[in-house]
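Please find below some notes on the model, set out point by point for reading beside the coordinates.

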Amino acid sequence: MMGAMIVAAAQFAPVAGDIDANVRTVADLIRRAGAEGARVVVLPELALTGYEPTLIRNTQAVHLAEDDERLEPVREACRAAGAAAVVNGPVLTADGRPGLTSLVIGPDGEILTRYDKIHLHGFENEVFAPGEADGRFTLDGTRFALATCYDNRFPELADRAAADGCTVYLASSVLSVGNDSFDTVYPARARDFGLYVVMANVFGESEEGTCEGFSGAWGPDGERIADAGRDKEGFALATVG
């Protein structure tokens, strides 16, 4: 039976290609959110490298392994905070290309699941290996679904999530200024499928353009229940369940 749980939608301005700097920020956000009661912390799309597909294509040094030593501060932060974290970056697949991957690191620092973005967008198709399976994990009796940015344009992901017993839908995204997803996509996924939708976005400049944050959450009625605001490093907390 699902009980109430606090989920954090975290946002920051990643440093292009600087995994160590971004890991430090991610780990700090996990610790801070955990201190405020968050059991799950969702980070934006490509939080570990910034949204820089061209750099990722041309720089093998930023490709990560699931057990990458550079992620140890994130694992330590999850253990210290007693929180799971959804951390997205270019993680190598069996065919040698990176996926556009969310690693869900559990409160014990171990990987709960891996989700590779299924619906790649534009130039992403030349850089990343597409995923083939939906992302799921269960924590404290609550079942979560994973989706990454352009995935959210495909309602069948949320439909499958609801049919599979998920009650919370976690979206790691990079949404530039003027993107209509805040008004037309995320609230619709929540309302149409009876899900809590928790979305993490970046702010600052990247290959996607200018982003402004506004990470947060929508309740199953489609109404906003949390908003991290514009261009401010931090997180929004939402109670789900």
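1. Which residues of helix α6 (residues 186-193) are buried? In this predicted model, the buried residues of the helix are Y186, P187, A188, R189 and A190. These buried residues pack against two other helices, α4 (155-163) and α5 (181-184), and against the strands β8 (168-172), β9 (196-200) and β12 (216-218). After α6 comes G194, a residue whose phi is positive, near 65°.

2. Two aspartates deserve a look at their backbone angles. D140, although it is not a glycine, has a positive phi of about 55°, and this residue sits in the loop that joins β6 (135-139) to β7 (142-148). Its relative accessible area is 45%, so D140 is partly exposed. D231 likewise is not a glycine and has a positive phi of about 55°; the loop that holds D231 runs between β13 (224-227) and β14 (234-240). With a relative accessibility of 35%, D231 also counts as partly exposed.

3. How many aromatic pairs does a search of the whole structure find? The search finds four, and one of them is formed by F137 and F144, whose ring centres are 4.7 Å apart and whose planes lie at 5°, so that the pair is stacked. As to accessibility, F137 counts as buried because its relative value is 4%, and F144 counts as buried because its relative value is 0%.

4. Another of the pairs is that of F182 and F214, where the ring centres are 6.4 Å apart and the planes stand at 85°, so this pair is edge-to-face. The two residues belong to distant parts of the chain, 32 residues apart, with F182 in helix α5 and F214 in the loop between β11 (209-212) and β12. Are these two rings' residues buried or partly exposed? F182 is buried, because its relative accessible area of 17% falls under the 20% cut-off, whereas F214, at 27% relative accessibility, counts as partly exposed.

5. Turning to enclosed space, a search of the whole structure finds one cavity of 30 Å³ or more, and the volume of the largest cavity is about 30 Å³. Which residues line the largest cavity? The lining is made by D134, G135, R136, A145, L146, L157, A161 and Y169, and the elements that contribute two or more residues to it are β6, β7 and α4. Sorted by class, this lining comprises five nonpolar residues, one polar residue and two charged residues.

6. The largest pocket should be considered separately from the cavity. Its volume is about 220 Å³, and 16 residues line the pocket, of which H121, C149, Y150, V174 and N179 lie nearest its centre. By class, the lining of the largest pocket has seven nonpolar residues, four polar residues and five charged residues.

Key. Residues are numbered from 1 along each chain as its sequence is written. This is a predicted model: local features need pLDDT of at least 70, side-chain atom pairs count only at pLDDT 80 or more; totals for chains, interfaces and linings use all residues. Side-chain values use heavy atoms; hydrogens and water are left out. Buried means under 20% relative accessible area, exposed over 50%, partly exposed in between (1.4 Å probe, protein chains only). Helices (H or I, at least four residues) and strands (E, at least two) are DSSP runs, numbered from the N terminus. Contact means heavy atoms within 4.5 Å. Rings of Phe, Tyr and Trp (its six-membered ring) pair if their centres lie within 6.5 Å; planes under 30 degrees apart count as stacked, over 60 as edge-to-face and the rest as tilted. On a 1 Å grid over the protein atoms alone, a cavity is a set of points where a 1.4 Å probe fits but cannot get out, and a pocket is an open set with protein on both sides within 12 Å along at least five of seven lines; lining residues have an atom within 4 Å of a point. Grid points are joined across faces, edges and corners, and a volume is the space filled by probe spheres set on the points. Ala, Val, Leu, Ile, Met, Phe, Trp, Tyr, Cys and Pro count as nonpolar, Asp, Glu, Lys and Arg as charged, and the others, Gly among them, as polar.
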